[in-house]
Amino acid sequence: MPNTYTHKIRCIDAIVYDGINLLDLAGPMQAFWTAGTYRPGYQFRVLSADGKPVETQPGIKVAVDGELAQWNKEADLLIPGGMVDQEISAGTFTPLLKEAALRKSDTRIISICSGALILAQAGILDGKQASTHWSRASMAQASYPGVDWEINKLFVQSGNIYTSAGVTAGIDLALHLIESDLGSAVSLKTAQELVVYLRRNGGQAQFSAALSLQAAGQSNIAKLSELILSQPAANWTIEKMAQSSGVSTRTLHRRLKEDIGTTPALFVENLRLDIARSALLKQTSIKQAAHLSGFGHIQNLRRAFQRNFGITPTEYVERFS
């Protein structure tokens with residue numbers, strides 16, 4: 001029986017460097033490979049600047065197929081994240097990325113996690129929307145103000161450039177591309193094989209709030225968070241928060257901005273959301289979760305979930321319980 005496939009076989013050149021996050025590379029590549037077991041669609045290569053193996057963050061070495069100069073100009077480019085700062089300073093990939101961004105073909109530039117910062121450094125995200133890992137938000141916005149950063153989105157398309165949020169969001173993006181390339185049936189089968197959601201609602205804020213608060217360390221902010229967590233229903237005005245921290249309201253504003261990039265009102269809301277999420281995952285009712293977390297009414301809790309995560313409390317429970 002003759003081959004009836006008429007779709008394009010896409011080549012993907014993954015550009016790697018020392019210190020990449022292994023899952024940023026392996027996650028999307030596994031998704032693309034799995035999709036190919038249902039319908040041929042992808043060919044892969046891994047390239048490094050000098051053609052030598054690279055060491056990933058876990059210390060595992062990854063062999064490569066060649067050097068950067070061997071890039072297939074008809075191939076999609078995939079840039080994983082990880083320890084990107086050295087690559088940003090060196091600008092090793094800038095000429096390649098600039099050339100790729102000017103191509104008129106339908107090939108794509110795909111970044112995973114903090115790999116978007118390498119694209120931003122090359123200047124190819126200026127005037128475009130992009131996402132990256134939530135922990136890099138402040139640095140991204142300060143260093144590359146010409147980019148319209150959509151930090152809470154799991155992935156963003158801007159023309160032929162695709163950027164994704166933290167780590168596993170690379171799999172979300174890969175499934176989106178597989179659906180576009182090979183159809184919804186293949187993307188669904190791929191998601192089922194990998195035991196992941198075909199589409200996750202909401203952004204990466206649903207995973208990052210507690211982590212960003214922990215980043216405040218043992219500062220007055222961390223101690224204040226413990227106090228609010230112990231009394232979530234209290235009327236936490238900026239004056240009361242400043243008094244409890246032993247600082248002026250102006251100092252509190254500044255420290256919240258510098259330590260975790262938020263405002264006093266959002267600081268309290270995020271802490272209350274942490275309590276609510278924990279309660280919901282323990283099979284507490286939505287009404288009780290609203291009471292325990294200090295939101296008071298169910299509607300207040302629902303609005304906070306929708307505003308911060310883009311999903312409802314019920315959807316959150318279905319996804320994570």
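This note walks through a predicted model, point by point.

1. **The sheet.** Start with the strands. Seven of them make an open sheet, and the pairing is mixed. The order across the sheet is β5-β2-β1-β6-β7-β11-β10. The edges are β5 (66-67) and β10 (155-158), each of which pairs on one side only.

2. **Strand β6.** Look next at β6, residues 76-79. Asp-76 and Leu-78 point one way, while Leu-77 and Ile-79 point the other way. All four are buried. On one side, β6 runs parallel to β1 (residues 10-16), and 3 bridges join the two. There, Asp-13 stands opposite Leu-77. β6 also pairs with β7 (residues 109-111), again in the parallel sense and over 3 bridges. In that pairing, Ile-79 has Ser-111 of β7 as its bridge partner.

3. **The β10 edge.** Here the direction is antiparallel: β10 and β11 (residues 161-164) are joined by 4 bridges. Phe-155 stands opposite Ser-164 in β11.

4. **The nonpolar core.** The largest nonpolar core holds 58 residues. Among those with the most contacts inside it are Phe-32, Leu-97, Trp-149 and Ile-178. Ile-118, Leu-119 and Leu-125 are also in that group. Helix α6, residues 169-182, gives the most to this core, with 7 residues. As a general point, nonpolar side chains tend to be buried together in soluble globular proteins.

5. **Ile-178 and its contacts.** What does Ile-178 touch beyond its neighbours within four places in sequence? Earlier in the chain, Ile-178 is in contact with Ala-31, Phe-32, Ala-35 and Tyr-42. Later in the chain, its contacts are Gly-183, Val-186, Ser-187 and Thr-190.

6. **Ser-187.** One of those contacts deserves its own point. Ser-187 sits in helix α7, residues 184-194. Is Ser-187 buried or exposed? Its relative accessible area is 0%, so Ser-187 is buried. Thr-37 is 150 residues away along the chain, but the C-alpha atoms of Ser-187 and Thr-37 are separated by 11 Å.

7. **Helix α9, two sides.** Take α9, residues 220-230. Its buried residues are Ile-221, Ala-222, Leu-224, Ser-225 and Ile-228. Why do these count as being on the same side of α9? They cover an arc of only 160° around the axis, which puts them on the same side. Lys-223, Glu-226 and Ser-230 are exposed on the other side of α9. The buried residues pack against three helices: α10 (238-245), α11 (249-260) and α12 (264-281).

8. **Helix α12.** This helix is mostly covered, with 14 of its 18 residues buried. Its length also checks out. At 1.5 Å a residue, its 18 residues should span 26 Å, and the end C-alpha atoms are 26 Å apart, so the two agree. After α12 comes Gln-283, whose phi is positive, near 70°.

9. **Thr-107.** This residue belongs to the loop between α3 (94-101) and β7. Thr-107 has 1% relative accessibility, so it counts as buried. Which residues does Thr-107 touch, not counting those up to four places away in sequence? They are Lys-8, Arg-10, Lys-73, Glu-74, Ala-75, Asp-76 and Asn-160. Asp-76 is a residue of β6, where it points the way Leu-78 does. Asn-160 is 53 residues from Thr-107 along the chain, with 7.0 Å between their C-alpha atoms.

10. **Cysteines.** How many disulfides are there? The count comes to 0. A disulfide is a covalent bond between the sulfur atoms of two cysteines. Two cysteines are worth a look. Cys-11 has 22% relative accessibility, so it counts as partly exposed. Cys-113 has a relative accessible area of 5%, so it is buried. Cys-113 lies in the loop between β7 and α4 (115-122). Its phi is positive, about 55°, although Cys-113 is not a glycine.

Definitions and conventions. Residues are numbered from 1 along each chain as its sequence is written. This is a predicted model: local features need pLDDT of at least 70, side-chain atom pairs count only at pLDDT 80 or more; totals for chains, interfaces and linings use all residues. Side-chain values use heavy atoms; hydrogens and water are left out. A nonpolar core is a set of buried Ala, Val, Leu, Ile, Met, Phe, Trp, Tyr and Cys residues joined through side-chain atoms within 4.5 Å. Buried means under 20% relative accessible area, exposed over 50%, partly exposed in between (1.4 Å probe, protein chains only). Contact means heavy atoms within 4.5 Å. The arc is that of the directions from the helix axis to the C-beta atoms. The expected span of a helix is 1.5 Å times one less than its number of residues. A disulfide is a pair of cysteine sulfur atoms within 2.5 Å. Two strands pair if DSSP finds at least two bridges between them.
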